[in-house]
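This report describes a single protein chain for a reader who works from coordinates. Please examine the sequence and the structure shown here before reading on.

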Amino acid sequence: QKVISMSWSRGMALGIVGCAIGGLIFGGVSLLTGYLAGITALVSGAVTGVLFGYGTKGLSKQHRMLVGAILGFLSILFGYYLIYQLLEVPIEVGSITLNIKPSEIMDFTEFMTTIIEPKDLAFFAIGIGESATLSKRF
């Protein structure tokens, strides 16, 4: 019982680290390139799934897949949140250019409904699925 609980604890710790790394990859690449590259959502989910899966190897695959999917979702959502907080959109007012962040003019829900297109949802879903699948591989 103690070994199982330690494995879940280790897996959750590694999964949270994976969420942070994955979110930084997704948000960082998007901010640096100025483009929401769906492929980075896949990388984000993969990093999270691998780290969580490694930490929970030997435990129930169904539970690991479920938790891996949730962590993958959170990782990608964290990437979007970074974009929401850090992206600066230049807006010209007369001869003055203002750099406005989405977080200054709308809430996160409105941002998500404004920025996400159907193709983004597909990459989002595949990234979550990838995280779930990789969570059970170890």
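The following paragraphs treat the overall architecture, the helix packing, the surface patch and the salt bridge.

**Overall architecture**

The model is predicted. The protein contains six helices and two strands, and their order along the sequence is α-α-α-β-β-α-α-α. Taken along the principal axes, the C-alpha atoms fill a box of roughly 65 × 25 × 25 Å. The protein has 138 residues, of which 38% count as buried.

**Helix packing**

Two helix pairs are described here, and helix α3 takes part in each of them. The table lists their geometry.

| Helix pair | Axis distance | Angle |
|---|---|---|
| α3 (residues 61-86) and α6 (residues 118-135) | 7 Å apart | about 140° |
| α2 (residues 38-55) and α3 | within 9 Å | roughly 140° |

How are α3 and α6 oriented to each other? With an angle of about 140° between them, α3 and α6 are oblique to each other. The cut-off matters for this assignment, because angles count as roughly antiparallel over 145 degrees. The crossing in which α3 passes α6 is right-handed.

For α2 and α3, the axes cross at roughly 140°. That angle makes α2 oblique to α3, and the crossing of α2 and α3 is right-handed.

**Nonpolar surface patch**

A nonpolar patch on the surface is formed by Val89, Ile91, Val93, Ile96 and Leu98, which together have about 400 Å² of accessible area. The elements that contribute two or more residues to this patch are β1 (89-93) and β2 (96-100). Which strand gives the most to the nonpolar patch? That strand is β1, with three residues.

Ile91 belongs to the patch and lies in strand β1. The relative accessible area of Ile91 is 38%, and this residue is therefore partly exposed. Patch residues need over 30% relative accessible area, a condition that Ile91 meets at 38%.

**Salt bridge**

Side chains of opposite charge can pair when their charged atoms come close. In this model the count comes to one salt bridge. The side chains of Asp120 and Lys119 meet in a salt bridge, with an N to O distance of 3.4 Å.

Are the two partners buried or exposed? Asp120 has a relative accessible area of 6% and is therefore buried, since buried means under 20%. Lys119 has a relative accessible area of 39%, so this residue is partly exposed. The salt bridge thus joins a buried Asp120 to a partly exposed Lys119.

Terms used. Residues numbered from 1 in each chain as written. Predicted model: local features only at pLDDT ≥ 70, side-chain atom pairs only at ≥ 80, totals over all residues. Heavy atoms only, no water. Patch = residues over 30% accessible without salt bridge, like charges linked within 9 Å, V, L, I, M, F, W, Y side chains within 5 Å. Areas by Shrake-Rupley, 256 points an atom, 1.4 Å probe, with all protein chains shown as cover. Salt bridge = Lys/Arg side-chain N within 4 Å of Asp/Glu carboxyl O. Helix = DSSP H or I, 4+ residues; strand = E, 2+ residues; numbered from the N terminus. Buried < 20%, exposed > 50% of the residue type's maximum accessible area, 1.4 Å probe, protein only. Axes fitted to C-alpha atoms, helices over the stretch in contact; angles between N-to-C directions. Parallel < 35°, antiparallel > 145°, perpendicular 65-115°, else oblique. Left-handed = near helix turned anticlockwise from the far one by under 90°.
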